[in-house]
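Here is a quick tour of one protein model. Have the sequence and the 3D view open as you read.

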Amino acid sequence: GLFVTDYFTRTPRKLSPFRSFASIELFHFHIPEDTVIAVWNLITFKEQGGTFGDQCPDRSITVYFRSGAPSVINPLHTHFPRDTAVPGSFALTLTWTLPNRTTGVFNVTSPLPGDWFLAAHLPKDEGKISVKGLYEECQYLFQPQLIVQRLVNIAVLYPGHITEQTMAPHNRSCLYKVFVPSYTSRVLVEVLRCRGAEGCPLWLRVRAKAPPLHNSTTLDCREHTPCQLAQDLPFWQHWYYVLVEKHPGVPGTVSFQVTVQLTDCSRPSLARPPFLPSSASMNMPHSFGSAGGLALGDSPPPTSPNDTKPLVPIPVTSHAGERCWPVRPTLRNELDTFSVHFYIFFGPNVSVPPDRPAVFVINLLPVLDSGGVLNLELRLNVSSLCGENVTVFGCLNHEVPLTSGDNTSVTCETESLAGFLLSVNATASLSRLRIPYPQTGSWYLSLRSLCATEHGFEPCTNVTAEVYLRAYLSPCINDCGIYGQCKLLRTNNYLYAACECKAGWNGWGCTDNAEAFSYGFQLLSTLLLCLSNVMFVPPVAIAVRSHYLLEAAVYIFTMFFSTFYHACDQPGIVVFCIMEYDVLQFCDFLGSLMSVWVTVIAMARLQPVVKQASVLYLLGAMLLSMALQMDRHGLWNLLGPSLFALGIMAVAWTARTIRRRHCYPPTWKRWAFYLCPGALIAAAAVLLYAFVETEENYFYIHSIWHLLIAGSVGFLLPPRAKPSRRLGPLPRRKGCGYQLCVNEQEELGLVDPAVASINSICTS
């Protein structure tokens, strides 16, 4: 056949260490039909400061592949919530082959068509809290590329028609496909009139959705006459691919005929005219009575086929032959993104008669519904059992319903199908099932009631069980509980939801408490972070005593908002918010930076030099507000104003030093007992904040940060400025006189206010 190659690529993205599914990078691809091979080229490279990160450490990268929906991954081996089904996926770990670049290849032969999802992440780290912009961070960028090769013009087989084929010596195989519509109970592929050099040297392979593989359903036509391959309960609304392959080493030409027969259970099994069935066959609860006002078990009068449409039945494998039961649709009610309820007509109570199953279909929209959680709940009405030991089994299968006629072993799996089993009885009347990231399409739920006996399960007699059925789609499992937050995430045009856990809780629904913080630990961490702000009380008292009222107001502002911001910022349940979180965070950051600003400006002692020194306070407030609005975690947005204030202080101190011709401040006591200790304490606080603080030690390292910063302010804040005094004019002598001028007092409290220091004698 003719092959066509398609190429797809995605933009490189920065990978993050795994903490939850919300921290992974998700990539969405679409593989077309008739694809024979898909090759993913996985490119990973390092960057540091805009250049190649040759010095960055090698960190392994894990990539997950899944068809139909995102992968449900669990790299930390946490516990899933109860009643949660975990679908499988492929995983691949990339190792580094070059200092700054590596490439991995993942091949899939005959992949399933439709949506494919790749999830990638780095290993979990120690959770270090880094200051943005402090140093060049190592970035690991991941870019997947997809190359697919697909066949075009594949021969289509029509049910009931015979296709003749001659396989030339240089040909190894012939590929066909046939479309299987809904309500097909069996697909039978047969090879006729096979002629070759050695009888019929052919292999017959059949597979749904994609071309067959070596492990697909296979039949050797040499050993089986007639050469027939049957598929019971095939997938509905899908292509089935038929591969006729010649044995290796067979010379000459092989000619054969191939035909396909589809068994439609809706036609041979209907024993009565296509009229509206009774309420019993529709599995309506007894409380609703019968359809059309008829009693249960009665049949409405026959009508012509043109008047009413018969209900479309489904196949059921049974020893007695194939039978069909009606499928009850569900009504889709969309409330929000990934918040969809599926209502049953004449529900939610469902009657399950003893002689036939009750079957329902739930339709999930392509792409839109695969990013949530499919929830199913069965609740048995025990009073409807009439004292019988009845068990209601439910099978949830994708794309085709499955109800087995075997009463001894109740299962929801066959050789080609895999489903989920639910059961309710008098002792366990409630059963739940959660499927994270379900595959889209039609999901069929088949309910069947059986009675437990000494010989296993047998059909019940004259007992109709009533079951409450609830099916809905939710963003997360139980909204992630009280220790998690359900986040709605987006990758390009694809939406999905995931839990982000806190307070040490882990797992897909934040239900794994192996590393969870206890209530006492949460209370202790909250109290430490909040009460450590009380250390600002001494700086406030010093500022008030020294008549630095503006500085004292800023310290009070900082203490107040830092206390309540950390009370609102806690990850557990010990949380108290007096305002919106964003407002508290902004005020906390602004107060912290304003405290540094006003302290440094006060140390500069600009009032005698600059008449309107208060302008700098207002300018600092405006600049800091602008910087915080731009980026609250940026290094230079926070460090720039502080360095600017330090520059102003340095200029002021240098000017005084030049004018006075000695170092300013002039005494060693001020340097030894105030400035140097305060600077060392502030430097220690900055080092702890920038290099030591992690997510695990945050509560006590950040509390120490509060204590050190507040303590450094108490040391660095200058003493009260002494007022400038002028002595009154001395009595003037005849001829000439002298005026005694008292210059400004020495700053820093080195001169007693009661003593006047005469610095100069000015000529009057």
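What follows goes from the whole chain to two helices, then to salt bridges and one strand residue.

**Ground rules**

This is a predicted model, so a pLDDT of at least 70 is needed for local features and 80 or more for side-chain atom pairs, while totals for chains, interfaces and linings use all residues. Residues are numbered from 1 along each chain as its sequence is written, and side-chain values use heavy atoms, with hydrogens and water left out.

**The whole protein**

The protein has eight helices and 36 strands. These are DSSP runs numbered from the N terminus, with helices being H or I over at least four residues and strands being E over at least two. Of its 764 residues, 47% count as buried. Here buried means under 20% relative accessible area, exposed means over 50%, and partly exposed is in between, with a 1.4 Å probe and protein chains only.

About 38000 Å² of the protein is exposed, and carbon and sulfur atoms supply 58% of that. Those areas come from the Shrake-Rupley method with a 1.4 Å probe; for residues, only the protein chains shown count as cover. As for how the chain meets itself, take contacts (heavy atoms within 4.5 Å) between residues at least 6 apart in sequence: 76% of them join residues at least 24 apart.

**Two helices with a buried side**

Start with helix α1, residues 519-531. At 1.5 Å a residue its 13 residues should span 18 Å, and its end C-alpha atoms are indeed 18 Å apart. The expected span is 1.5 Å times one less than the number of residues. Which residues of α1 are buried? They are Q522, S525, T526, L529 and C530. These cover an arc of only 125° around the axis, which puts them on the same side of α1. The arc is that of the directions from the helix axis to the C-beta atoms. An α-helix has 3.6 residues a turn, so residues three or four places apart point the same way. Among the elements that cover the buried residues of α1 are α3 (549-568) and α8 (698-716).

Helix α1 also shows up on the surface. A nonpolar patch of about 740 Å² is made by I482, Y519, L523, L527, L531, V534, V537 and I573, and α1 gives the largest share, four residues. Patch members have over 30% relative accessible area and no salt bridge; like charges are joined within 9 Å, and nonpolar side chains (Val, Leu, Ile, Met, Phe, Trp, Tyr) within 5 Å. L527, which sits in α1, is partly exposed at a relative accessible area of 41%.

Helix α5 (residues 614-630) has 17 residues and reaches 25 Å from first C-alpha to last, close to the expected 24 Å. Its buried residues are L616, Y617, G620, L624, A627 and L628. They cover an arc of only 95° around the axis, which puts them on the same side of α5. On the other side of α5, L618, Q629 and M630 are exposed.

**Salt bridges**

The structure holds 18 salt bridges, each being a side-chain nitrogen of Lys or Arg within 4 Å of a carboxyl oxygen of Asp or Glu. Three of them are listed here, with the distance between the closest N and O atoms.

| Pair | Closest N and O atoms |
|---|---|
| E25 and R13 | 3.5 Å |
| D34 and K177 | 3.2 Å |
| D369 and R332 | 2.8 Å |

Take D34 and K177: D34 lies in the loop between β3 and β4 (35-48) and K177 in strand β13 (residues 173-180), so the pair ties together parts that are 143 residues apart in sequence. D34 is buried at 12% relative accessible area, and K177 is buried at 10%. E25 and R13 are both buried too.

In the remaining pair of the table, D369 is buried, with a relative accessible area of 3%, whereas R332 counts as partly exposed at 24%. Elsewhere, salt bridges that share partners join E377, R379, R432 and R470 into one network.

**A residue in β30**

Last stop: A452, in strand β30 (residues 441-453). A452 counts as partly exposed at 32% relative accessibility. How many residues apart in sequence are A452 and T391? They are 61 residues apart, yet 7.2 Å apart in space, C-alpha to C-alpha. Leaving aside neighbours within four places in sequence, A452 is in contact with N389 and F457.
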